[in-house]
Amino acid sequence: MTRQQPTDKATGPTTDEAAHEAAQEAADRQRIPLNRDRVLRAAVALADATGIDALSMRKLAQELGVVPMALYKHVANKEELLDGMVDAVVTEIDPPAADPDWRSVVRGRILSARRALLRHPWAARVIESRTAPTPAVLAYLDSMAGCFRSGGLSADLTHHVMHAMGSRLLGFSQELFDTSGPSGPPDPAMAARYPHIAELAATAAHDGGSTVAGGCDDQFEFEFALDLLLNGFETLNRQGWTSTRTTRRTPPT
């Protein structure tokens, strides 16, 4: 009779037991029916854990305990997988709140979108890479346009508002500078050459995880710009602004 290896309570299961547990988990995954929703949820989790650049159909298949060809019954290719992942993230955004103040409704929803994208740091980059809006993105944008219209903004103003908001509607914005390098006081020579930039950098509130120039507080900067836009839209709405009454400047010839 084969003797079973004892388990050391202080160190956990033996190598044989760990291998058995891993094999059991893989078998359990294989028994769960594969469907599109499960594929997309696994892909989102894998991108969260390893980054979007490390995501591949092969690695996703390994994570699900299936052969790669099994994935193609649910997503035609990696581009369709990425579209579905975007939709999965966008569906995490809260629905519009019941509030008579349209600015509060829009603001709350955009900040919910921002929280969703912060949970999935790769998502903004993938959204920007899409050649056309995905179904969930279109539904979200349609709903946001409805929030503006319900707030009394004309279709004309809402059209221009959507352009002005851009990606901010989805909780992110393209910053002016790449600040992946270390933040800190500017080099004296650079400060002498660009004194106003150095002055602004010296006044910035710092946030260790910032992606905004100078280590600024990302959340504060995002909300600051968002509030400026929303208040500006409301001012235009009260003034009865229309694009047909706007003087358009033509460039000099």
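**Exercise 1. What percentage of the contacts in the protein with a separation of 6 or more comes from residues 24 or more positions apart?**

Solution. The structure is a predicted model, in which local features need pLDDT of at least 70 and side-chain atom pairs count only at pLDDT 80 or more, while totals for chains, interfaces and linings use all residues. Residues are numbered from 1 along each chain as its sequence is written, and side-chain values use heavy atoms, with hydrogens and water left out.

Step 1. A contact means heavy atoms within 4.5 Å.
Step 2. Among contacts with a separation of 6 or more, residues 24 or more positions apart account for 67%.

**Exercise 2. Describe helix α5 and its surroundings.**

Solution.
Step 1. The protein has twelve helices and zero strands; helices (H or I, at least four residues) and strands (E, at least two) are DSSP runs, numbered from the N terminus.
Step 2. Helix α5 covers residues 78-90, and its 13 residues reach 18 Å from first C-alpha to last, close to the 18 Å expected at 1.5 Å a residue. The expected span is 1.5 Å times one less than the number of residues.
Step 3. At the N-terminal end of α5, Asn77 acts as a cap, with a side-chain oxygen 3.2 Å from the backbone nitrogen of Glu79.
Step 4. The buried residues of α5 are Leu81, Leu82, Gly84, Met85, Val86, Asp87, Val89 and Val90. Buried means under 20% relative accessible area, exposed over 50%, and partly exposed in between (1.4 Å probe, protein chains only).
Step 5. These buried residues pack against α2 (36-50), α3 (57-64), α6 (102-119), α7 (123-129) and α8 (135-150).

**Exercise 3. Is Arg168 buried or exposed, and which residues does Arg168 contact beyond its neighbours within four places in sequence?**

Solution.
Step 1. Arg168 lies in the loop between α9 (155-165) and α10 (188-193).
Step 2. Its relative accessible area is 14%, so Arg168 is buried.
Step 3. Apart from neighbours within four places in sequence, Arg168 is in contact with Ile110, Ser173, Phe222, Ala225, Leu226 and Leu229.

**Exercise 4. Is Met69 buried or exposed, and where is Met69 found?**

Solution.
Step 1. Met69 is found in helix α4, residues 68-71.
Step 2. Met69 has a relative accessibility of 60% and therefore counts as exposed.
Step 3. The C-alpha atom of Met69 is separated by 9.0 Å from that of Met57, twelve residues apart along the chain.

Terms used: Polar contact = N/O pair within 3.5 Å; in protein donor to acceptor, adjacent residues only side chain to side chain.
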